[in-house]
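Here are a few notes to read alongside the model. Have it open and follow the points in order.

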Amino acid sequence: MPAAHEPWYSTTLNVWTLAATIVASITLTKTVASAWRASFGRRRHVISRVRKVAPWVSPDYLEELFGEPTWVSTMTVHRFQGEDPVPEQDLEAELTKRTWKLGRFGYLVTWSTDSTVELYGITTTSRWFRPRLLVGQTVVKLGKTRISKLPKPDQFWPWVGARRFTYIESFYLGNPGGYRTWYAGVNDIGYHPMAPIGADEMTDAEHQAFRSVARINTVLVGTAFFREVKDASIFVNSFGPDQDLIRLLEPSMQLVHSRAAGLRTRLSAWRWGWGWHYKRAYRRYNKALTRIQGNIGQA
């Protein structure tokens, strides 16, 4: 029994117990949050980071959000010619292209000067990563929305090579759109890519049929006032991430191979080997083309 003049509790003990409880609660919360972002909450965490990206932000700011980029390359571009002609070399500027691998979900790509991001975009490579993006005034669900949902583009560029292809559309809304230019289309490594039919001489009917079937797997937006951005030559043959570059990280290209990686590769080859999604898309394309040609003939 404590003495009559002594309290039955210890103030010092209660304070330290409370402090230990608070520290333990904070540590547990951080651990649970970290585990959630690394597993089931990974998709939402990536989307929340992408929402913080905008033209003219600092490249250092992006590295704080996403860490060091996986790939970095530079290119020379040219500013638009003003009223007073100047030598070509005075119009030159250097842009740095940075590509981040967003786990197995997709890729974030930016084109920036030393101080600002001029152009950025996102590509989905997974059916589990379909964020909603705003292209002008149209909401696009990446990897699912058909190109035909977008209004008529200002310009479009279809291209098909020996084993690569891409399709790009551009939209510019002036002041209501914040003087930004949107680019939407198909990257050949994105989710459910579809090559543009008759890219060299695409008729209006073929173009409408392709837009009604192909899915948007890549969207870019920016305020870069360079000639190579205006005519889309800045993308070369890669609308976003470059397939020839990023495929070097695939398990089949790795020097140190693992059984798990080999099993994933075989399962992927078995799943997509017959190209069933391509066949289904091209059947839809042929039906749409026949319908559109019939409507044109009746008109």
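Which residues have the most contacts inside the largest nonpolar core?

1. They are Leu-62, Phe-66 and Ile-216, in a core of 43 residues. A nonpolar core here is a set of buried Ala, Val, Leu, Ile, Met, Phe, Trp, Tyr and Cys residues joined through side-chain atoms within 4.5 Å. Buried means under 20% relative accessible area, exposed over 50%, and partly exposed in between (1.4 Å probe, protein chains only). Helix 8 (residues 276-298) gives the most to this core, namely 5 residues. Apart from this core lies another, of 17 residues, including Val-77 and Phe-239.

2. Before going on, a word on the source: this is a predicted model, where local features need pLDDT of at least 70, side-chain atom pairs count only at pLDDT 80 or more, and totals for chains, interfaces and linings use all residues. Residues are numbered from 1 along each chain as its sequence is written, and side-chain values use heavy atoms, with hydrogens and water left out. Helices (H or I, at least four residues) and strands (E, at least two) are DSSP runs, numbered from the N terminus.

3. Take a look around Leu-62. Setting aside neighbours within four places in sequence, Leu-62 is in contact with Val-53, Val-57, Gly-67, Trp-100, Thr-110 and Val-117. Contact means heavy atoms within 4.5 Å.

4. Now the sheet. It is open, with 8 strands in the order 1-2-3-4-10-9-8-7 and antiparallel pairing; two strands pair if DSSP finds at least two bridges between them. Strand 1 (71-78) and strand 7 (155-160) are at the edges with a single partner strand each, so one side of each has no neighbour in the sheet. From one strand to the next, the twist averages 15°.

5. Two helices to find on the sheet. Helix 3 (residues 59-66) packs there, touching strand 2 (92-102), strand 3 (106-112) and strand 4 (117-124), and its direction makes about 10° with that of strand 2. Helix 4 (residues 204-213) touches strand 7 and strand 8, with its direction at about 90° to that of strand 8. Axes are lines fitted to C-alpha atoms, for helices over the stretch in contact, and angles run from 0 to 180 degrees between N-to-C directions. Helix 4 is mostly covered, with 7 of its 10 residues buried, among them His-207 and Phe-210.

6. Finally, two backbone spots. Most residues other than glycine have a negative phi. Trp-56, in the loop between helix 2 (42-50) and helix 3, has a positive phi near 75°. Trp-56 counts as exposed because its relative accessibility is 56%. His-192, in the loop between strand 9 and helix 4, has a positive phi near 50°; at 14% relative accessibility, His-192 counts as buried.
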